Amino acid sequence: MAITIRDVAKRAGVAPSTVSRVIADNPSISEKTKNKVRTVMKEMNYFPNIYAQGLASAHSKTFGLVLPLATDAFYQNPFFPTVLRGINFEMAKRDYSILLSVGLDDDQRQKHIEKIVNGKQVEGLIFLYASKNDPLLRFAQKVNCPAVVIGSPDNTKVHYVDNDNELIGYQATKALIQQGCDRIAYIGGDMNQFFIADRHKGYKRAVESADIIYDPSLIYNDFNFLPSDGYELAQNKIDFSQIDGLVISDELVAEGIRNYLDTQNIQNVHTITFSAYRQGSVQSTNKTSYINLNSHIIGSRAVDILFEALDPDKASTRFIHEYVDADLHTN
C-alpha cells in the first residue's frame, strides 16, 4: 500500500496540512518541525506527488522543453545534447525538472504545449530552436507564459540566448583568408534557418572586406544536416578545382565533406565549421579549423534567464537578448 501524507503526519505527530507545508518549504513552519517531518518521510520512503505539490504551492518546479520537429539531423546533431547538458546542470542545482514537449507534427506539438501550459504543469518554456512565425512561441506570449528561445527569433519581445552568428561567420571566413584562401565557398543548408542566414552575412562581409569578389555560385543550400548530405554534396555539386576553402555551417555536414575529401585524396582545401564543444584534433589530409560554440553555456544561460524572468525581484519589462562567446580553433 502506498504511503500517504496522513501516514507521515501520524508518525510525526503533526497535522497533514503541516506535512504539506513542509513539502512546500513554507517559511511559517519551524526548522525543527521541518527536520522532524523530513526524517519521517525518509524513514517511510515517502516521495510527494510533484503535481499535487505544484497545485498546493502554485509552483510545479518544472520547465517545459520545446523541441523542433523530430528529424534524423536533430537526434544526431551534437549541438542539442550539448545544450541539454547545460540545461540539466542548472536545473539540477535548483531541484527543477524538465518536461519534454511531444508531437509528430505542428498540430500535435501545439496541443501538447497548450495542455502543459494551461494545466500549470510547467512554470516556463525553453525553446530549443528559433523559427519564423512560430505558433508555439506566439501561444506562450499570448498567455504570458515565461519563455526563453535558444537561437535568434524574428520576435524581439522574447528572451533569447545564442551565439552572434553573423560575427562568427565573419571570423570563420577571415580565418580562412588569413590562411591564404581566396576562393571560399559557403556551405549553408537552409537560409530560412536564422543561424544559416546570419553566418552567411558574416561570410559575405569578410569576403568583401578582403576585396574578394562575392560569388553567388559558391553558395550551397537546400540540403539536410547529416554527414551523408555533406558527402553527397561534395561528390556531386562542388567543383574542388575552383575553390581552396570551405565555410561549413553545420558540423555534421562538415564531417561528410571532409570524409569525401580524404577518400578522394583531395588536398589543399581548407575547411572550417562550427562545433557544439571543444574538439580534439580532426584527422584529415586538409587543414581543418572550427569555432567552438560553447553550447553547454548557451543551455545554462537559458535556464538562468528563465529563472530571472520568474523572479519578481529581478523580472522587468525588458527582454534579455544575450550572446555567448565562441572560440576560434585553427589546426
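**Why these words fit this model**

Guide: Tyr186 has Val247 in β8 as its bridge partner. This is a predicted model, where local features need pLDDT of at least 70, side-chain atom pairs count only at pLDDT 80 or more, and totals for chains, interfaces and linings use all residues. Residues are numbered from 1 along each chain as its sequence is written, and side-chain values use heavy atoms, leaving out hydrogens and water.

Visitor: What makes β6 and β8 a pair of strands?

Guide: Strands are DSSP runs of E, at least two residues, numbered from the N terminus. Two strands pair if DSSP finds at least two bridges between them. Four bridges join β6 (residues 184–187) to β8 (residues 245–248). So they pair. They run parallel.

Visitor: Why are β7 and β12 called edge strands?

Guide: The open sheet has six strands, in the order β7-β6-β8-β9-β10-β12. Strands β7 (219–220) and β12 (327–330) each pair on one side only.

Visitor: Why is Gly86 called buried or exposed?

Guide: Buried means under 20% relative accessible area, exposed over 50%, partly exposed in between (1.4 Å probe, protein chains only). Gly86 has 2%, so Gly86 counts as buried.

Visitor: What is Gly86 in contact with, beyond neighbours within four places in sequence?

Guide: Contact means heavy atoms within 4.5 Å. Gly86 touches His296, Gly299 and Ser300.

Visitor: Why is Cys145 called buried or exposed?

Guide: Cys145 has a relative accessible area of 11%, so Cys145 is buried. Cys181, at 4%, is buried too.

Visitor: How many disulfides does the structure hold?

Guide: Zero. A disulfide is a pair of cysteine sulfur atoms within 2.5 Å.
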